[in-house]
Each structure stands twice: as C-alpha cells, then as structure tokens.
Amino acid sequence: MILEVLNYAATWPLTTPAHRGAIRYSVNLWSRANRCAKAWRGHEDQTKATILAAAATLKQRRTAVVLGSGLLRDVPIRELSQIFDTVVLVDLVHLASVRFRLRRQRLHNVRLIERDVSGFDAGSGVQDPEPLAFLRQVPYLDFVVSANLASQMGMAVKRRMEQTGEDWADPARELVSAHVKGMQNLPCATCLVTDISYAVIDRTGHLHEAFDLLFGVVPPYHSAQWEWPVAPLGEESGDYKIVHTVIAATNTTM
C-alpha cells in the first residue's frame with residue numbers, strides 16, 4: 001500500500017488536471033500487475049514478440065508510436081528504442097514509476113504524450129469519427145502499435161454511462177469501431193493487440209459469465225490469439241478466475 005501511495009503522489013503533479021482522475025486506475029493496474037506477474041508473463045511475452053515481429057519486417061524505422069503504452073509491461077520499449085529513431089508513448093497517464101524506468105534505462109529517444117485517444121467527449125457524449133487523426137501530425141511515422149487499448153476504452157465508457165443511467169451499448173461500440181477502423185486506415189505499418197472477450201470460470205472449469213469486450217464490433221483479421229489470465233484464482237476470489245482472450249492483428253504491407 002505504501003508503494004501505491006507514493007506512486008500516486010509522485011504521478012499527480014506530472015499529470016494534467018483533466019486526466020488526474022485516471023491516476024488511481026493506473027496505480028491499481030500497476031499493483032495488480034505486480035501481484036499477478038507470474039500469471040501475466042505469457043501474455044506480456046506474446047505481446048512483445050508480436051510487436052517486435054511486425055517491426056522487424058519494416059524497411060524504414062524512423063518513428064514508432066505506441067497507443068496505450070500504460071505500464072510498459074507488454075511493450076518491448078528497450079528494443080523499440082534501439083530499432084527506431086524515435087519512439088512516442090501515448091496514454092492518459094504516465095505513472096512516475098514508468099518515467100523513472102525510462103530514465104534509469106537511459107532511453108533518450110523515447111517521448112511521452114498525455115492524451116485521450118478514444119475521441120469520446122464524456123461531457124457531450126459525442127464520438128469523434130477520426131480519433132487517430134492527430135497521428136497525421138507525427139513526422140516520419142512508420143509504425144503504430146495499439147497495446148491492449150481498444151477494449152479498455154469501451155469499458156471506460158460503459159462504466160461512466162452506467163453511473164448516470166445512460167445506455168452505453170451504442171457509444172461503446174462506436175468508440176471501439178472508430179479505433180479499429182482508425183488503425184486500419186493509417187498510412188503506415190500497424191500492430192493492433194486487443195482483448196476481445198472475457199470469461200469468468202470457476203475451479204471446476206465451469207463458465208459462469210462471458211462478455212464481448214469489442215461490444216459487437218467484428219474482430220479484424222488476426223494472425224495470433226491467446227489467453228490472458230487477468231485475475232487468476234485467488235486474485236478476486238478463491239472460487240473463480242477471469243480469463244481474457246487476446247488477438248493480434250498486424251499490417252506491415254504499406
């Protein structure tokens with residue numbers, strides 16, 4: 001608990017007021033990732049390998065952008081820093097622990113951008129049809145990664161609108177769809193890694209609940225699929241575990 005408080009306090013002044021509400025979620029995720037490190041390792045290694053395999057096929061490696069860089073546990077940041085001239089990490093919050101790691105590793109060509117890439121305006125409920133249009137301003141862009149982000153954006157809208165009693169189904173689906181289409185329409189190589197569903201499974205292997213994390217959006221063609229035990233037995237309950245299904249869709253034929 002002490003480390004969580006320190007990380008939260010150190011991140012607060014480094015984050016713009018508009019995004020400070022997301023610090024608690026990021027710290028909670030950081031804490032869970034540390035507790036579940038062994039269970040998450042397979043997912044993290046698979047995600048890193050997928051990103052690096054896509055990057056290895058590129059003829060030009062000038063600028064790479066990682067959307068949803070988060071804790072960097074599933075992002076091969078050192079290797080990307082060595083491969084590309086510049087690496088840009090984009091997320092709502094960049095925890096102090098992440099910033100310290102980058103400084104300690106002396107990754108001087110890594111840049112941080114604090115941004116909500118969902119394109120959803122919580123105040124008006126309006127979805128930007130081109131939430132990734134800002135990437136056109138990035139010079140020499142050769143590679144964009146979306147790292148386990150699409151489903152998180154949909155779930156965030158669902159949670160916010162449930163609190164006000166609003167119907168979240170259409171806004172969540174439109175948000176996820178805009179992100180997936182935006183990745184497909186970028187004029188550079190892309191790697192979209194996203195969880196597409198979760199399942200609540202008890203000790204006997206019985207399925208108790210399943211949920212579509214893409215909210216009805218058809219998953220893009222993908223070359224890889226695996227399971228991510230987000231909450232292994234004992235994390236939320238000794239009676240069940242929560243397992244996400246993850247896909248990786250890459251396009252390096254630009």
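Which residue lies over the face of Trp168? I found Lys158 there, at 5.0 Å from the ring centre; I counted a charge as over a ring if NZ of Lys or CZ of Arg is within 6 Å of the ring centre and within 35 degrees of the ring normal.

Before going further I noted the terms of the work. The model is predicted, so local features need pLDDT of at least 70, side-chain atom pairs count only at pLDDT 80 or more, and totals for chains, interfaces and linings use all residues. Residues are numbered from 1 along each chain as its sequence is written, and side-chain values use heavy atoms, with hydrogens and water left out.

**Aromatic rings**

I searched the whole structure and obtained seven aromatic pairs (rings of Phe, Tyr and Trp, the last by its six-membered ring, with centres within 6.5 Å; planes under 30 degrees apart are stacked, over 60 edge-to-face, the rest tilted). One of them joins Trp168 and Phe211, which I recorded as tilted because the centres are 6.4 Å apart and the planes stand at 50°. Trp168 is in the loop between H6 and helix H7 (169-184) and Phe211 in strand E8 (residues 207-212), so this pair ties together parts 43 residues apart in sequence. Helices (H or I, at least four residues) and strands (E, at least two) are DSSP runs, numbered from the N terminus.

Next I looked at Phe211 with Phe215: this pair is edge-to-face, at 5.5 Å centre to centre and 80° between the planes. Trp168, Tyr198, Phe211 and Phe215 form one aromatic cluster. Within this cluster, Trp168 is partly exposed at 22% relative accessible area, whereas Phe215 is buried at 8% (buried is under 20%, exposed over 50%, partly exposed in between, with a 1.4 Å probe and protein chains only).

I also noted Arg115, whose charged end sits over the ring of Phe134, 4.0 Å from its centre.

**Strand E6 and Asn148**

I then turned to E6 (residues 141-147), where seven of seven residues are buried. Five bridges join E6 to the parallel strand E1 (residues 63-67), and five join E6 to E7 (residues 189-202), also parallel; strands pair if DSSP finds at least two bridges between them. Val144 stands opposite Val65 and has Thr190 as its bridge partner in E7.

Where does Asn148 lie? I placed Asn148 in the loop between E6 and helix H6 (150-163). Asn148 is buried, at 3% relative accessibility. Its side chain makes polar contacts with those of His43, at 3.5 Å, and Asp74, at 2.7 Å (N or O atoms within 3.5 Å; within protein, one must be able to donate a hydrogen and the other to accept it, and residues adjacent in sequence count only if both atoms are side-chain atoms).
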